[in-house]
Amino acid sequence: GVAAAGLAEKVIGAFADTEFEVVGVADDVPPESDAEFVKRAAAAMAEKDVTLIIALGGGSVMDTAKIAAVLAAYGGEVADYEGGFM
């Protein structure tokens, strides 16, 4: 819905005169993202050497962006980062 409403294009446009280059848009995040989707997103981020991620949307989009960013930066599997931190 965010992309359909034109919000993604507005954000992309805001970076036109900056040092950042928009290298991709993931507008297919499912409502209940699973570990495989997150892993594919992380691989795409790592492949493009992403240094900035902007997430627009609800909880699933936000959670997917956060864990994909962690996997892209530090590797591993989603399950490696589950649970409490003691």
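Biologist: What counts as a salt bridge here?
Modeller: A side-chain nitrogen of Lys or Arg within 4 Å of a carboxyl oxygen of Asp or Glu. This is a predicted model, where local features need pLDDT of at least 70, side-chain atom pairs count only at pLDDT 80 or more, and totals for chains, interfaces and linings use all residues. Residues are numbered from 1 along each chain as its sequence is written, and side-chain values use heavy atoms, with hydrogens and water left out.
Biologist: How many salt bridges does the structure hold?
Modeller: Two. One joins the side chains of Lys39 and Glu77, at 3.1 Å from N to O. Lys39 lies in helix H2 (residues 35–47) and Glu77 in the segment after helix H3 (59–74), so the pair ties together parts 38 residues apart in sequence. Helices are DSSP runs of H or I, at least four residues, numbered from the N terminus.
Biologist: And where do Asp63 and Lys66 lie?
Modeller: Both are in helix H3, three residues apart, about one turn of the helix. Their side chains form a salt bridge at 3.5 Å, N to O.
Biologist: Is Asp63 buried or exposed?
Modeller: Partly exposed, at 46% relative accessibility, while Lys66 is exposed at 53%. Buried means under 20% relative accessible area, exposed over 50%, and partly exposed in between, with a 1.4 Å probe and protein chains only.
Biologist: Back to the other pair: what is the relative accessible area of Lys39?
Modeller: Lys39 has 35%, which is partly exposed. Glu77 is also partly exposed, with 38% relative accessibility.

Terms used:
Helix = DSSP H or I, 4+ residues; strand = E, 2+ residues; numbered from the N terminus.
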